[in-house]
Amino acid sequence: MIATQTEGGYDLGMTRGDTESLTVTMTVMEDGVESPFDATEATLTVRTTRDGPIVFQMGATSVTGGVAVFDFAPELTASLKAGKYVYDVQATTQDGVVKTPLGGLRKPCYLTLWQDVTYAD
């Protein structure tokens, strides 16, 4: 997986049908200062567009010390069309505080799935 830093977080790129892993160190802006966000749960949601249908949603494989790991299994993306999708990561602390450390409507992040040969249309 290739990650490119943007204003809202990171744009991601991967070949559909591949096994990939994404590690997210979660931080949030509080009073103009970036601070660690010690979440215990994290969810990655992918949509066709900002307000389009959900393509897939996945929980983090692990969340420890504000670091979430998302493991992409091949079957998650193998049947999807190659193209550009929008995603975000929402995280929740043990106390129930919810933040979106990556993406969101104001500063979307994009996931681009590249065409492969194995699962070509």
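Buried residues make up 36% of the 121 residues in the protein chain. The model is predicted. Its secondary structure comes to 1 helix and 12 strands. Read from the N terminus, nine strands come before the helix, and three strands follow it. The radius of gyration is 14 Å, close to the 14 Å that the globule rule gives for 121 residues, so the chain is as compact as a globular protein of that length. Along the principal axes, the C-alpha atoms fill a box of roughly 45 × 25 × 25 Å.

Two overall values add to this picture. Take the contacts with a sequence separation of 6 or more: residues 24 or more positions apart account for 62% of them. The chain exposes about 7000 Å², and carbon and sulfur atoms supply 49% of that area.

Now to the strands. Strands of a sheet pair through backbone hydrogen bonds, either parallel or antiparallel. One open sheet here has 3 strands in the order 3-9-8, with antiparallel pairing. Its edge strands are strand 3 (20–25) and strand 8 (62–64), each of which pairs on one side only. Neighbouring strands of this sheet are turned by 15 degrees against each other on average, with direction ignored. Strand 3 is joined to strand 9 (residues 67–72) by 6 bridges, and the two run antiparallel. Within strand 9, Ala 68 is the residue opposite Val 24.

Strand 12 (residues 109–114) offers another view of pairing. Strand 2 (residues 10–15) runs parallel to strand 12, and 4 bridges join the two. Here Met 14 stands opposite Leu 113. Strand 10 (residues 83–92) pairs with strand 12 in the antiparallel sense, over 5 bridges. Lys 84 has Thr 112 of strand 12 as its bridge partner.

Which residues of strand 12 point to the buried face? In a regular strand the side chains alternate between the two faces of the sheet. Strand 12 shows such alternation: Cys 109, Leu 111 and Leu 113 point to one face and are buried. Tyr 110, Thr 112 and Trp 114 point to the other face and are not buried. The two bridge partners named above thus fall on opposite faces, Leu 113 on one and Thr 112 on the other.

Next comes the interior. In soluble globular proteins, nonpolar side chains tend to be buried together. The largest nonpolar core of this model has 26 residues, of which Met 26, Leu 44, Phe 70 and Tyr 87 touch the most other members. At least two residues of this core come from each of strand 2, strand 3, strand 6 (41–47), strand 7 (54–59), strand 9, strand 10 and strand 12. Strand 10 gives the most, with 4 residues.

Met 26 deserves a look of its own. Leaving out residues up to four places away in sequence, Met 26 touches Ser 35, Pro 36, Phe 37, Ala 39, Ala 42, Val 63, Gly 66, Val 67, Ala 68, Ala 91 and Pro 101. Among these is Ala 68, the residue that stands opposite Val 24.

The last stop is a loop. Gly 9 lies between strand 1 (2–5) and strand 2. Is Gly 9 buried or exposed? Its relative accessibility is 10%, and buried means under 20%, so Gly 9 counts as buried. Not counting residues up to four places away in sequence, Gly 9 touches Thr 4, Leu 102 and Cys 109. Cys 109 belongs to the buried face of strand 12. The C-alpha atoms of Gly 9 and Pro 53 are separated by 22 Å, with their positions 44 residues apart along the chain.

Key: Residues are numbered from 1 along each chain as its sequence is written. This is a predicted model: local features need pLDDT of at least 70, side-chain atom pairs count only at pLDDT 80 or more; totals for chains, interfaces and linings use all residues. Side-chain values use heavy atoms; hydrogens and water are left out. Two strands pair if DSSP finds at least two bridges between them. Axes are lines fitted to C-alpha atoms, for helices over the stretch in contact, and angles run from 0 to 180 degrees between N-to-C directions. Buried means under 20% relative accessible area, exposed over 50%, partly exposed in between (1.4 Å probe, protein chains only). The radius of gyration is taken over C-alpha atoms; the globule rule is 2.2 Å times the number of residues to the power 0.38. Contact means heavy atoms within 4.5 Å. Accessible areas come from the Shrake-Rupley method with a 1.4 Å probe; for residues, only the protein chains shown count as cover. A nonpolar core is a set of buried Ala, Val, Leu, Ile, Met, Phe, Trp, Tyr and Cys residues joined through side-chain atoms within 4.5 Å.
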